[in-house]
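Me: I have a structure to go through for class. Could we work out together how it is built?

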Amino acid sequence: MKKLWWAVPVVVAGAAAARRSQPSHRTDGQAYDRWLTVTINRAPADVGSEGKPPAPLDELAERIDVEIRPAPGDRGTELAARFKEPVPAVSTSAPARLAGQDPRQELRRALREAKALLEAGEVLRPDTPPTTRPTPGGKLIEAFTRRSGGEGVL
């Protein structure tokens, strides 16, 4: 009996992961994805004009909804985006995220690039190569740098 106690945390963690991987639902039964939002230090008129989203987001315009509104406390503009159709659970799995095939990563990257273009005028990239000769640590940092644009919390 004592040997089975190790299975309890494993089962709980597995159940939590399975529940988290299922798409969310509104009370009216329509599936949706959450809004991803960035705050941009510009006036709302500078962020979006004529109902057209900023440059990196207009490539995804057919697939996403975009909202532009003043940020609370008169601190710039909030740029929010989400997919019109629910994202399949298979494409949001851990292997898909590691392979860079999660569509949410593309949306996160586009939001970050829009913020950078509007605030700084360019998207800053790390210098390459990070080292003069390839090392295991340098390769690891390079892999993290390639994936970092699509991950994180917005």
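Me: Let us start with β1. Which of its side chains are buried, and which are not?
Reply: Please note at the outset that this is a predicted model. In β1, L36, V38 and I40 point to one face and are buried. T37 and T39 point to the other face and are not buried.

Me: Why would the side chains do that?
Reply: In a regular strand, side chains alternate between the two faces of the sheet. The side chains along β1 follow such an alternation.

Me: What is the order of the strands in the sheet?
Reply: The sheet is open and has three strands in the order β1-β3-β2, with antiparallel pairing. β1 and β2, the latter covering 64-70, are the edge strands, as each pairs on one side only. On average, neighbouring strands are turned by 20° against each other, direction ignored.

Me: And what holds strands together in general?
Reply: Strands of a sheet pair through backbone hydrogen bonds, either parallel or antiparallel.

Me: How many bridges join β1 to β3?
Reply: Five bridges join these two antiparallel strands. Among the bridge partners, T39 is matched with E78 of β3, and I40 with T77 of β3.

Me: What else does I40 touch, leaving aside neighbours within four places in sequence?
Reply: With those neighbours set aside, I40 is in contact with V47, R75, G76, T77, L79, K115, L118 and E119. I40 also belongs to the largest nonpolar core, where I40, L57, I64, L79, L107 and L111 touch the most other members.

Me: How many residues are in that core, and which elements give two or more?
Reply: The core has 16 residues. β1 (36-40), β3 (77-83) and α5 (103-120) each give two or more residues to this core. The element that gives the most is α5, with five residues.

Me: Then tell me about α5. Where does it lie relative to the strands?
Reply: α5 lies across β1, β2 and β3, and runs at about 10° to β1. Its buried residues are P103, Q105, L107, R108, A110, L111, E113, A114 and L118.

Me: What span should α5 have, and what does the model show?
Reply: At 1.5 Å a residue, the 18 residues of α5 should span 26 Å. The end C-alpha atoms are 26 Å apart, which agrees with that expectation.

Me: Which residue follows α5?
Reply: G121 follows α5, and its phi is positive, near 90°.

Me: New topic: how many salt bridges are there?
Reply: The count comes to six salt bridges. One of them joins R63 and E106, whose closest N and O atoms are 3.4 Å apart. R63 lies in the loop between α3 (55-58) and β2, while E106 is in helix α5, so the pair ties together parts that are 43 residues apart in sequence.

Me: How accessible are R63 and E106?
Reply: R63 is partly exposed, with a relative accessible area of 38%. E106 is partly exposed too, at 36%.

Me: What about R42, which residue does it pair with?
Reply: R42 forms a salt bridge with D46, and their closest N and O atoms are 3.5 Å apart. R42 is partly exposed at 34% relative accessible area, and D46 is partly exposed at 41%.

Me: Which residues are joined into one network of salt bridges?
Reply: R69 and E67 meet in a salt bridge of 2.6 Å, N to O. Salt bridges that share partners join E67, R69 and E78 into one network. R69 counts as partly exposed at 29% relative accessibility, and E67 counts as partly exposed at 36%.

Conventions:
Residues are numbered from 1 along each chain as its sequence is written. This is a predicted model: local features need pLDDT of at least 70, side-chain atom pairs count only at pLDDT 80 or more; totals for chains, interfaces and linings use all residues. Side-chain values use heavy atoms; hydrogens and water are left out. A nonpolar core is a set of buried Ala, Val, Leu, Ile, Met, Phe, Trp, Tyr and Cys residues joined through side-chain atoms within 4.5 Å. Buried means under 20% relative accessible area, exposed over 50%, partly exposed in between (1.4 Å probe, protein chains only). Helices (H or I, at least four residues) and strands (E, at least two) are DSSP runs, numbered from the N terminus. Contact means heavy atoms within 4.5 Å. The expected span of a helix is 1.5 Å times one less than its number of residues. Two strands pair if DSSP finds at least two bridges between them. Axes are lines fitted to C-alpha atoms, for helices over the stretch in contact, and angles run from 0 to 180 degrees between N-to-C directions. A salt bridge is a side-chain nitrogen of Lys or Arg within 4 Å of a carboxyl oxygen of Asp or Glu.
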